[in-house]
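The following exercises train the reading of a protein model. Each task is followed by a solution in steps.

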Amino acid sequence: MYSKQELEEVHQRILPYIHKTPVLYSSLVNEISGTDLFFKCENFQRMGAFKMRGATNAILQLSEEQQKKGVVTHSSGNFAQALSLAAKSIGVPAYIVMPSSAPQVKKNAVKTYGGIITECPPTLKDREETAQRIMKETGASFLHPSNDTNVILGQGTAAIELLQEHPDLDLIVTPVGGGGLVAGTSLAAHFFGKECRTIGAEPFEADDAYRSLKSGNIETNETTNTVGDGLRTQLGDKNFPVIQQYVSEIIRVEENEIIEALRIIWERMKIVVEPSSATALAAVLREKEKFQNKKVGIIISGGNVDLSQLLF
């Protein structure tokens, strides 16, 4: 279904449009966790999150004719910004459906990146119907934030770069929201690592992926009451089979553990990351014995923080 060559081609394709983000290391955080941690800092990616990678690859895989008509998505978060900036970089119109409840700071960011915003009531049904209408009117291609093969492969390139710098990692831990990042990372770990396993990290308050792996079916979130606002979405039919095959487990964490991990990253590493990103470190700290004497990669997924809503 997927190959190492395919992932390599994706990486080469998007390189002119993305930042090669740094990998940071903190002896203090290693001391706290009792293991060797290598943080791939996608908070320094263009538009502030890993989603720039998948959005860029998905647009570049469209035909010239499709690109002329533009792309459309519905998102209030990082993918709205990623698709807008990727489209602007490639010279393609981007139509972004955003719920009326989306924070003004996010709407402003999308506008800055050249996205054409259409607001709609904040229900999934309204978002989907509005996106459908725009597709009919413009002929734009719909791109899903996480359940799209080209998006998944693009997201895996962060782990490729991490493994190029540290080829002997035993594990890579990523947050799990819609499943694009963990699926892409698990493919990269499988093809580019040396027996490197992928572990997902998820809040108890939005643990659909954990339950999906247990039941073998895509489960829905019963609650989404988590500070990790990027993790409130659920898996899709394109990324779930990849996760089933290549992700070894998902560790769930409590809200106070996410906030504590967030504080450690801000205080010890001096970098701004969003709460969703801290979920991966929270998982390592929750199950320390699992990670003892291992070399562990952590994908810091993003750094788009609303500074008026700080948690500490």
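**Exercise 1.** Is Glu205 buried, partly exposed or exposed?

*Solution.* The model is predicted, so local features need pLDDT of at least 70 and side-chain atom pairs count only at pLDDT 80 or more, while totals for chains, interfaces and linings use all residues. Residues are numbered from 1 along each chain as its sequence is written, and side-chain values use heavy atoms, without hydrogens and water.

Step 1. Recall the classes: buried means under 20% relative accessible area, exposed means over 50%, and partly exposed lies in between, with a 1.4 Å probe and protein chains only.

Step 2. The relative accessible area of Glu205 is 28%, so Glu205 is partly exposed.

Step 3. Locate the residue: Glu205 belongs to the loop between β8 and α11 (208–215). Helices (H or I, at least four residues) and strands (E, at least two) are DSSP runs, numbered from the N terminus.

Step 4. List its contacts, where contact means heavy atoms within 4.5 Å. Not counting residues up to four places away in sequence, Glu205 touches Thr223, Thr224, Asn225, Thr226 and Glu255.

Step 5. Compare sequence and space: Glu205 and Arg232 are 27 residues apart in sequence, and their C-alpha atoms are 8.7 Å apart.

**Exercise 2.** Describe the chain as a whole, beginning with its radius of gyration.

*Solution.* Step 1. The radius of gyration is taken over C-alpha atoms, and the globule rule is 2.2 Å times the number of residues to the power 0.38. For 312 residues, a compact globule would have a value near 20 Å; the chain has 18 Å, which agrees.

Step 2. Along the principal axes, the C-alpha atoms fill a box of roughly 55 × 40 × 40 Å.

Step 3. The chain contains 15 helices and 10 strands. Of its 312 residues, 56% count as buried.

Step 4. Among contacts in the chain with a separation of 6 or more, 72% join residues 24 or more positions apart.

Step 5. Consult the record: an unreviewed UniProt entry lists residues 15–302 as "domain: Tryptophan synthase beta chain-like PALP". UniProt positions are given in the numbering used here, feature names are shortened, and annotations may be inferred rather than shown by experiment. This span is 47% helix and 17% strand, and its end C-alpha atoms lie 18 Å apart.

**Exercise 3.** Which residues does Ile300 contact, leaving aside its neighbours within four places in sequence? Treat Pro99 in the same manner.

*Solution.* Step 1. Ile300 is placed in strand β10 (residues 295–300). Its relative accessibility is 0%, and therefore Ile300 counts as buried.

Step 2. With neighbours within four places in sequence left aside, Ile300 is in contact with Phe39, Lys40, Cys41, Glu42, Asn43, Ile265, Val273 and Ser277.

Step 3. Ile300 and Gln155 are 145 residues apart along the chain, and their C-alpha atoms are separated by 12 Å.

Step 4. Pro99 is found in strand β4 (residues 94–99). Pro99 counts as buried because its relative accessibility is 4%.

Step 5. With neighbours within four places left aside, Pro99 is in contact with Ser75, Ser76, Lys107, Cys120, Pro122 and Arg127. The C-alpha atoms of Pro99 and Ile271 are separated by 30 Å, with their positions 172 residues apart along the chain.

**Exercise 4.** Where does Lys270 lie? Examine its phi angle, and then consider Glu195 and Trp266.

*Solution.* Step 1. Lys270 lies in the loop between α13 (255–269) and α14 (275–286). Although Lys270 is not a glycine, it has a positive phi of about 60°.

Step 2. The relative accessible area of Lys270 is 67%, so Lys270 is exposed.

Step 3. Glu195 sits in the loop between α10 (180–192) and β8 (197–203). Glu195 is not a glycine either, yet its phi is positive, about 55°. Glu195 is exposed because its relative accessible area is 80%.

Step 4. Trp266 lies in helix α13. Not counting residues up to four places away in sequence, Trp266 touches Ile271, Val272, Val273, Val305, Leu310 and Phe312.

Step 5. Trp266 and Val10 are 256 residues apart in sequence and 32 Å apart in space, C-alpha to C-alpha.
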